[in-house]
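Thanks for coming. I have one model to go through this morning, and I will keep to side chains and helix packing. Please have a look at it before I start.

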Amino acid sequence: MSAEPPVAPAVTGRRERNKQRMRERIFSAALSLFAEKGFEQTKVDDITERADVARGTFFNHFQHKEELVTTWSSQRQTRFEEKMRQVTPAHDDLCLALGRCMTALVEINQEEEPEFNRVMLTSWVRAGLPITEQPRTAEVFADVIRAGMAEGRIREGVDPVRVGHLLRDAYLGALFRWCRGDLKGEDLATELQRTVDFLLPSIVADGLATEGLVIEGLVADDAK
């Protein structure tokens with residue numbers, strides 16, 4: 001497991017720094033226990049014992065155990081957005097831009113152990129977060145589609161928000177199947193490649209070829 005501490009704004013005061021360090025300590029202890037025992041089997045008392053803090057200290061930083069899952073999910077979303085800011089140039093080719101989105105998502109999932117990923121994704125679903133969270137991944141996809149429309153690569157009448165949600169839904173479906181082992185030996189990258197190959201012909205402008213499109217670096221990155 002290689003989870004990072006909760007992302008937080010920079011703090012300058014000693015009191016705020018100490019508060020942030022304590023939050024990170026509790027969060028890291030909790031994730032290590034989730035990896036070892038699973039989310040459901042881990043109690044708040046287990047977390048406070050591992051972090052060597054009082055029970056009240058835990059609730060000073062997290063309202064309940066499920067908030068740790070919210071923090072984990074938000075952290076992944078932030079890493080995805082940061083990866084996209086680093087690798088996406090202006091006026092990017094539509095196919096390459098979608099490929100970079102999918103590559104970034106694959107990399108984020110490879111940064112965590114498969115079993116830990118499964119535990120946290122299961123907890124994320126049980127907490128209802130796929131419904132209640134802001135769909136930030138869909139918004140990133142929608143921005144890519146909007147850029148493609150501005151370049152004349154997307155046919156008229158395509159709704160970028162709807163396509164963004166379709167891509168997010170397809171990604172989550174592939175991710176869940178991958179975690180369950182339902183892809184029958186295929187990797188997450190290959191499944192996402194097929195998703196893009198299937199969707200592109202229905203949204204690209206007439207006259208633009210889509211056959212044989214390969215998302216640059218996607219399969220290679222997943223095979224590291």
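**Packing around helix H9**

Leu175 touches Arg76, Asn109, Leu121 and Leu188, leaving aside residues up to four places away in sequence. Before going further, I should say that this is a predicted model.

Where does Leu175 lie? It is in helix H9. Its relative accessible area is 1%, and because the cut-off for buried is under 20%, Leu175 counts as buried. Val106 is 69 residues away from Leu175 in sequence, and their C-alpha atoms are 9.1 Å apart in space.

One of the contacts of Leu175 is Leu121, and that takes us to the helix pair. Helix H6 covers residues 114–126 and helix H9 covers residues 160–180. In general, two packed helices are described by the angle between their axes and the distance between those axes. For H6 and H9 the angle is about 130° and the axes are 10 Å apart. How are H6 and H9 oriented to each other? An angle over 145 degrees would count as roughly antiparallel, and 65 to 115 as roughly perpendicular; H6 and H9 are therefore oblique. Their crossing is left-handed.

As for the residues at this contact, H6 brings Asn117, Arg118, Leu121, Trp124 and Val125. On the H9 side they meet Arg168, Leu172, Leu175, Phe176, Trp178 and Cys179.

Next, a glycine. Gly99 is found in helix H5, residues 94–110. Is Gly99 buried or exposed? With a relative accessibility of 0%, Gly99 is buried. Gln193 lies 94 residues from Gly99 along the chain, yet the two C-alpha atoms are separated by 7.9 Å.

Now the aromatics. How many aromatic pairs does a search of the whole structure find? It finds four. Phe58 and Phe62 form an aromatic pair with ring centres 5.8 Å apart and 35° between the planes. Stacked would need planes under 30 degrees apart and edge-to-face over 60, so this pair is classed as tilted. Both partners are buried: Phe58 has a relative accessible area of 0%, and Phe62 likewise has 0%. Phe59 joins Phe58 and Phe62 in one aromatic cluster.

Last, one ring with a charge over it. The ring belongs to Phe39, and the charged end of Lys65 sits over it, 4.2 Å from the ring centre.

To recap the two main items: H6 and H9 pack obliquely with a left-handed crossing, and Phe58, Phe59 and Phe62 make up one aromatic cluster. That is what I have; I will take questions now.

Technical notes. Residues numbered from 1 in each chain as written. Predicted model: local features only at pLDDT ≥ 70, side-chain atom pairs only at ≥ 80, totals over all residues. Heavy atoms only, no water. Phe/Tyr/Trp six-rings, centres within 6.5 Å; stacked < 30°, edge-to-face > 60°. Buried < 20%, exposed > 50% of the residue type's maximum accessible area, 1.4 Å probe, protein only. Lys NZ or Arg CZ within 6 Å of the ring centre and 35° of its normal. Axes fitted to C-alpha atoms, helices over the stretch in contact; angles between N-to-C directions. Helix = DSSP H or I, 4+ residues; strand = E, 2+ residues; numbered from the N terminus. Parallel < 35°, antiparallel > 145°, perpendicular 65-115°, else oblique. Left-handed = near helix turned anticlockwise from the far one by under 90°. Contact = heavy atoms within 4.5 Å.
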